[in-house]
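Trainee: I would like to go through this model one question at a time.
Mentor: Go ahead.

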Amino acid sequence: MNAVLISLCQVCLVILALIFLLRKVKQPYIVAYMLAGILLGPQVAGTIVNTREIEAIGEIGILLLMFFLGMEVDVPDSRSRLARPVTMQLIKIILSVLFAFLAGRLVNWPLALIMLTAMLFIFNSTAVVTEYLRKNGELSTPLGQTILNILVFQDVLLAPAIMVLQFWGNGTAAPGRLILPVVISTLVILLFRYMRNRGRFRPPFSLQAVHRDHDLQVFAGLFICIGFGVVAELAGMSSALGSFLAGIIIGKMKAFNWLERSLLPFKVFFTALFFLSVGLRLDVLYITANYTTVLTATLLVLISNYLLSAIAFRMLKYQWKESFYGGALLSQTGEFGILVLSLAYKSGIINYDFFKAGIAITALSLLISTVWISVFRHFFYQPRLA
């Protein structure tokens, strides 16, 4: 027990010191969490050795983060809130596939590896981008809302991406596994239409008891958040998407106005653990031995993804300044990229060296992207309130 308390105290002390340092340069706290993971990992200080447990617990942070986002957003209508983000993401998918194909042909990559590279460009970090927008008060701006809906649409695309990897790895994929996600997506659309027409979601039972029982509030909120995530994952979709949908539904229920205050400490703690786990994933020894290749590849990923995203924004008639800033926000490869790389490695699509390099590039792009975004925000963008 003493060893656990000492390790926990060290984690809190390092995070506090990094937070005070980063506040002076106006960087979001997620950078402090990731840097703490690097410093406290088994290859540096050795304070945290069992990284898998931290990663598993940190996944709850993503669910809570998406749950809170769902509670804050309005139910999207079929035109102004959905058409533009979906069109934007489809344009980016086309550009990403074309770019990956051209780059892959230059180095003679097989088709499976080219498509894997395209997937890494398609998925951005919902956690990093939304926390950055929230920290700067831009989540409610027109551009912020568009980017949030783009990230949600990316979460929907995770299921077909997994199916593609399974097909290339095993030669077969069960088409029946796509039926349940389609059914759930249809039910969600019908539910959104109901809430848009009625203004609020009214459950068929009374929820007055929750107002007087704080314990019931906390555990009911956690059950709803995590439960929706579990159902979505069992259906072949993203657990983060399920939690986001739960947040949208709960946000429209008057009886759950207390929920945000009740779960906020949990959200902060578990989100910190998630980003701590991102830092723990960085293989410091591998990066040190191959720093030229890893850093060059990371910068190429950031620049290429930035250009693809900025072009997509500009094609939808956004101003140049908004396109530059939006491209910077969507320049990193996201946490789903780590999942895609893991599935590709297990399926035999990539070897261990490519897997290690991909994890290092993904984690570094998450770490560097906040500074990258801040530069573009400072020079190109002044947010407009919604």
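Trainee: Leaving aside neighbours within four places in sequence, which residues is Ile350 in contact with?
Mentor: This is a predicted model, where local features need pLDDT of at least 70, side-chain atom pairs count only at pLDDT 80 or more, and totals for chains, interfaces and linings use all residues. Residues are numbered from 1 along each chain as its sequence is written, and side-chain values use heavy atoms, without hydrogens and water. With contact taken as heavy atoms within 4.5 Å, the partners of Ile350 are Leu113, Leu116, Leu341, Ala344, Tyr345 and Phe355.

Trainee: Which helix gives the most to the largest nonpolar core?
Mentor: A nonpolar core is a set of buried Ala, Val, Leu, Ile, Met, Phe, Trp, Tyr and Cys residues joined through side-chain atoms within 4.5 Å; buried means under 20% relative accessible area, exposed over 50%, partly exposed in between (1.4 Å probe, protein chains only). The largest core has 108 residues, and Ile350 is one of those touching the most other members. Helices are DSSP runs (H or I, at least four residues), numbered from the N terminus. With 12 residues, the top contributor is helix α17 (residues 352–380).

Trainee: Why does Cys9 form no disulfide, and how many are found in the whole structure?
Mentor: A disulfide is a pair of cysteine sulfur atoms within 2.5 Å. The closest cysteine sulfur to that of Cys9 is in Cys12, 6.8 Å away, so the two are too far apart for a bond. A search of the whole structure gives a disulfide count of 0.

Trainee: Is Cys225 buried or exposed?
Mentor: Cys9 is exposed, at 51% relative accessible area. Cys225, at 0%, is buried.

Notes:
Helices (H or I, at least four residues) and strands (E, at least two) are DSSP runs, numbered from the N terminus.
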